[in-house]
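Work through the exercises below with the structure open. Each task is followed by a stepwise solution.

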Amino acid sequence: MPSLGPLPWTVLEVGLAAAVALVLGHCLAGPEPGDRRRARDLILNLALLAVLAARLSFVAVHAGDYLVEPTALLRIGDGGFLPWVGIGVALLAGIWFTRGNGRLRQAAALAATAGLLAWLLAGLATARLQVSAALPDLLLTRVAGEPARLAALADGRPLVVNLWATWCPPCRRELPVLARAQGSHPDIAIVLVNQGESEQEVRAFLAGEPSAPDNALMLIDTGSSMMAALGARALPVTLFFDAEGRQVGSHVGELTRATLAVRLQRLREAARGPRPQR
């Protein structure tokens, strides 16, 4: 799955778009240093405004989830953005800020268009890099010690597989979110697979966790074979499979209540008509 260390590849996509827009804006702004500074400042301000608007609009749509978990507002790595809202707000702001300055408006418009195209093309390239893998047929261990296979736990339902470890702070923070989803979405199997730790370590951790997920849907992968099979390079990672065991999505990093709800809805849509999601 595409990622940049512990960060999703979308971070690089946004950075590439901003770099393209800044370079082109600098070249088109005009010969005077003041022109280039104004173009640079405008593009940076519009980019920040777009990100802020995209985030706040997502939060507004999912206000109920964020009211329950206010600290999730700051976890922008969860991918909770409505990008087209951000683009629309930045467009209107750009028109307003460049009123009376035709050259700056033209430079900013061309730079923003180039940046947007770079973002779209990078997203398409990332989608092509993501391999839609089949659910690995691995024999893992339940918390109680019995062997189990993921396909058997799915029981013909769409499946969410969360890879985690007790030493991973974002993994621990998202445990209550996943536990709540297990109880409220019985039509989807949500399985947590601990990576690289012993049965004793996992049991000791869960014994002191008040919001621990269902132990029946908790597996232990002492050898981290799931990470190797799925190409995961950081924790936490959450993978989404349709009822036929085909991977239709992935998320690198912590999931909040709101972003998990969006992902589960996408998984239901994929079950009606399979469509890969990043």
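A disulfide here is a pair of cysteine sulfur atoms within 2.5 Å. The model is predicted.

**Exercise 1. Find the disulfide and describe its geometry.**

Step 1. Apply the cut-off to the sulfur atoms of C168 and C171. They lie 2.4 Å apart, and the limit is 2.5 Å, so the two residues form a disulfide.
Step 2. Check the count. A search of the whole structure gives one disulfide.
Step 3. Take the torsion about the S-S bond. For C168 and C171 it is 75°, and the link is right-handed.

**Exercise 2. Classify C168, C171 and C27 as buried or exposed.**

Step 1. Set the limits. Buried means under 20% relative accessible area, and exposed means over 50%.
Step 2. Take C168. Its relative accessible area is 3%, so C168 is buried.
Step 3. Take C171. Its value is 1%, so C171 is buried.
Step 4. Take C27. Its relative accessibility is 56%, so C27 counts as exposed.

**Exercise 3. Classify the aromatic pairs F58–Y66 and W164–F205.**

Step 1. Choose the descriptors. A pair of aromatic rings is described by the distance of the centres and the angle of the planes.
Step 2. Set the angle limits. Planes under 30 degrees apart count as stacked, over 60 as edge-to-face and the rest as tilted.
Step 3. Count the pairs. The whole structure holds three aromatic pairs.
Step 4. Take F58 and Y66. Their ring centres are 6.3 Å apart and their planes stand at 75°, so this pair is edge-to-face.
Step 5. Add the burial of that pair. F58 is buried at 5% relative accessible area. Y66 counts as buried, at 5% relative accessibility.
Step 6. Take W164 and F205. The centres are 5.7 Å apart and the planes make 45°, which is a tilted pair.
Step 7. Place the partners. W164 sits in strand β5 (residues 159–164) and F205 in helix α8 (residues 199–207). They are 41 residues apart, and the pair links distant parts of the chain.
Step 8. Add the burial. Both W164 and F205 are buried.

**Exercise 4. Where does H185 lie, and which residues does it contact beyond its sequence neighbours?**

Step 1. Locate the residue. H185 is in the loop between α7 (169–184) and β6 (189–195).
Step 2. Test burial. The relative accessible area of H185 is 18%, and the limit is under 20%, so H185 is buried.
Step 3. List contacts. Neighbours within four places in sequence are set aside; H185 then contacts L264 and R268.

**Exercise 5. Place A112 and assign its exposure class.**

Step 1. Find the element. A112 belongs to helix α5 (residues 102–129).
Step 2. Read the accessibility. A112 has 46%, so it counts as partly exposed.
Step 3. Compare positions. A112 and L46 are 66 residues apart along the chain, and their C-alpha atoms are separated by 9.1 Å.

**Exercise 6. Summarise the protein chain as a whole.**

Step 1. Count the elements. The protein chain has 10 helices and nine strands.
Step 2. Give the extent. Along the principal axes, the C-alpha atoms fill a box of roughly 70 × 35 × 35 Å.
Step 3. Give the burial. Of the 278 residues, 45% count as buried.
Step 4. Give the surface. The protein chain exposes about 13,700 Å², and carbon and sulfur atoms supply 65% of it.
Step 5. Give the contact range. Among contacts between residues at least 6 apart in sequence, 74% join residues at least 24 apart.
Step 6. Give the charges. There are 26 positive and 22 negative side chains, and the centres of the two sets lie 10 Å apart.

Methods. Residues are numbered from 1 along each chain as its sequence is written. This is a predicted model: local features need pLDDT of at least 70, side-chain atom pairs count only at pLDDT 80 or more; totals for chains, interfaces and linings use all residues. Side-chain values use heavy atoms; hydrogens and water are left out. Helices (H or I, at least four residues) and strands (E, at least two) are DSSP runs, numbered from the N terminus. Buried means under 20% relative accessible area, exposed over 50%, partly exposed in between (1.4 Å probe, protein chains only). Contact means heavy atoms within 4.5 Å. Accessible areas come from the Shrake-Rupley method with a 1.4 Å probe; for residues, only the protein chains shown count as cover. Lys and Arg count as positive and Asp and Glu as negative; His and the chain ends are not counted. The place of a charge is taken as NZ of Lys, CZ of Arg, CG of Asp or CD of Glu. Rings of Phe, Tyr and Trp (its six-membered ring) pair if their centres lie within 6.5 Å; planes under 30 degrees apart count as stacked, over 60 as edge-to-face and the rest as tilted.
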